[in-house]
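Trainee: I would like a close look at one part of this model, the nonpolar core. Please take me through the core and what surrounds it.

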Amino acid sequence: MTTTDEDLDEDVHPGRQRLSLLIAFAATVPGIVLAVGSPQLTHWLEALLFGLAIVGSAFLLSWAAEVAQLDISAGLAIAVLAFIAVLPEYAVDFVLALDGGHGYKAHGALCQSPAAVRAGEDSPCSLALANMTGANRLLIGIGWSLVAFIAWRQWKKRGQRHEGIQLDRSHSVELSYLAVATFYSITLPLKRSITLIDAAILVTIFVMYTVRISKAPAEEPHLVGPAQWLGSFRTARRRTVVLVLFFFAAGVILLVAENFAHALVATGREFGISEFLLIQWLAPLASEAPELLVAGLYAWRLNTQAGLGTLVSSKVNQWTLLVGTLPIAFAIASGSTHGLPLAPRQREELLLTAAQSVFALAVLVNRSLSNREALGLFSLFWAQFILGAIVPAQWHGKERVVVSVVYLALAVRTFLVDRHALPRLFRDGFRTPYARLQEE
């Protein structure tokens, strides 16, 4: 039976949730006006307004995706929600991959004009991977750690000892497919391009993951915040609201993504800031904010299964669906079957991203994340920036390799200490029926 406002859980405040929805909608308005009306503003202001539109839309998508789980089948929910989870990042990366393809078609492997090369500008091909690597590293270095830290703080306030997070056995499915994608991703930095073969393998991993997880029994979703309030609506009204949120938010993202990406690049050139760094860190902050906030709310309520589990699932989507579709977009724009080119810096960024994933997988191979391990993930995330600030200029860039080696060394040590966990994880993830997984 559907509840009404009066029947809501005491944690739900309809007035507050309406305000949250209104703020998210309001955040999109300046970006929409700017995209449709094309007024002339400074590049940094354009980037800010378009970025706010993506943030607002991402929140709306996140809430709608949570509520949609009440009304669609498990298999369809997984397929739809997986795409929605990466839509904000995908929209920006798709634009940059298309730009890279057009640049490759016009200028060859350099992806840009000789004048741009002499000016030291980042090529469109290099920018195509920037958002992906930043989003992946934020998800683990900040997101996974955030869940552990908030849960530790909440348990401490209750006067109880808390050593970390333990995931249920059923999460072996997400972790096992993450392991396959991660182990394959470590080969990408060894190549000069991400090819269509790589794309086919990664998308196939995603499809296999979707098929496997679609067999999970239906469960009542854990809704928080505005999603919990929207979930209390009567069925017809709830479905209508969800569809409106989906189409509106997706439309806004598609409308402003290209403008946001180009405004960030122009801002970097105007202020002499690396366009790569702006795309790598500011764009993911906009798209990842809702997911991190929802995971944090789960941890605040000590529902760490939902908090960390959601982020692990998103990581699978990013390493498979998101990375796998970039070479396809590049090939379409370039009119060729050439892979997305990887310059030395891009290979270093991919190496660091893959190495972080290997270590994160090693940490979670036994389905637990201790406070100490969370602190390690958080500290190593910031190590690259600290080293980059203190090393001599001639060594700039080498810190990525150094931190990558540290990640991999720690991962090998962790796998050796718990050497029996990985075979057990694969057995549960690929073969054990869900009914047995949920017996724990």
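Mentor: Here is the core, followed by a buried serine, a helix pair and two backbone oddities. The model is predicted, so local features need pLDDT of at least 70 and side-chain atom pairs count only at pLDDT 80 or more, while totals for chains, interfaces and linings use all residues. Residues are numbered from 1 along each chain as its sequence is written, and side-chain values use heavy atoms, with hydrogens and water left out.

Start with the term. A nonpolar core is a set of buried Ala, Val, Leu, Ile, Met, Phe, Trp, Tyr and Cys residues joined through side-chain atoms within 4.5 Å. Buried means under 20% relative accessible area, exposed over 50%, and partly exposed in between (1.4 Å probe, protein chains only).

The largest nonpolar core has 125 residues. Trp 144 and Leu 308 touch the most other members. Helix α5 (residues 124-157) gives the largest share of this core, 14 residues. Helices (H or I, at least four residues) and strands (E, at least two) are DSSP runs, numbered from the N terminus.

Now Trp 144. Contact means heavy atoms within 4.5 Å. Beyond its neighbours within four places in sequence, Trp 144 is in contact with Leu 139, Leu 178, Leu 308, Leu 311, Val 312, Ala 360, Leu 364, Leu 369 and Leu 377.

Next, Ser 185 in helix α6 (residues 172-185). Ser 185 is buried, at 1% relative accessible area. A polar atom of its side chain lies 2.6 Å from the backbone oxygen of Thr 182. Leaving aside neighbours within four places in sequence, Ser 185 is in contact with Trp 319 and Ala 354.

Now a helix pair. The axes of α2 (residues 43-68) and α10 come within 7 Å and cross at roughly 45 degrees. Axes are lines fitted to C-alpha atoms, for helices over the stretch in contact, and angles run from 0 to 180 degrees between N-to-C directions. The two helices are therefore oblique to each other. Angles under 35 degrees count as roughly parallel, over 145 as roughly antiparallel, 65 to 115 as roughly perpendicular and the rest as oblique. Among the residues that meet are Gly 51 and Phe 59 in α2, and Ala 286 and Pro 290 in α10.

Last, the backbone. Most residues other than glycine have a negative phi. Leu 302 has a positive phi, near 60 degrees. Leu 302 sits in the loop between α10 (275-300) and α11 (304-334), and is buried at 17%. Arg 367 has a positive phi of about 65 degrees. Its loop runs between α12 (344-364) and β4 (368-370). Arg 367 is buried too, with a relative accessible area of 14%.

Terms used
Polar contact = N/O pair within 3.5 Å; in protein donor to acceptor, adjacent residues only side chain to side chain.
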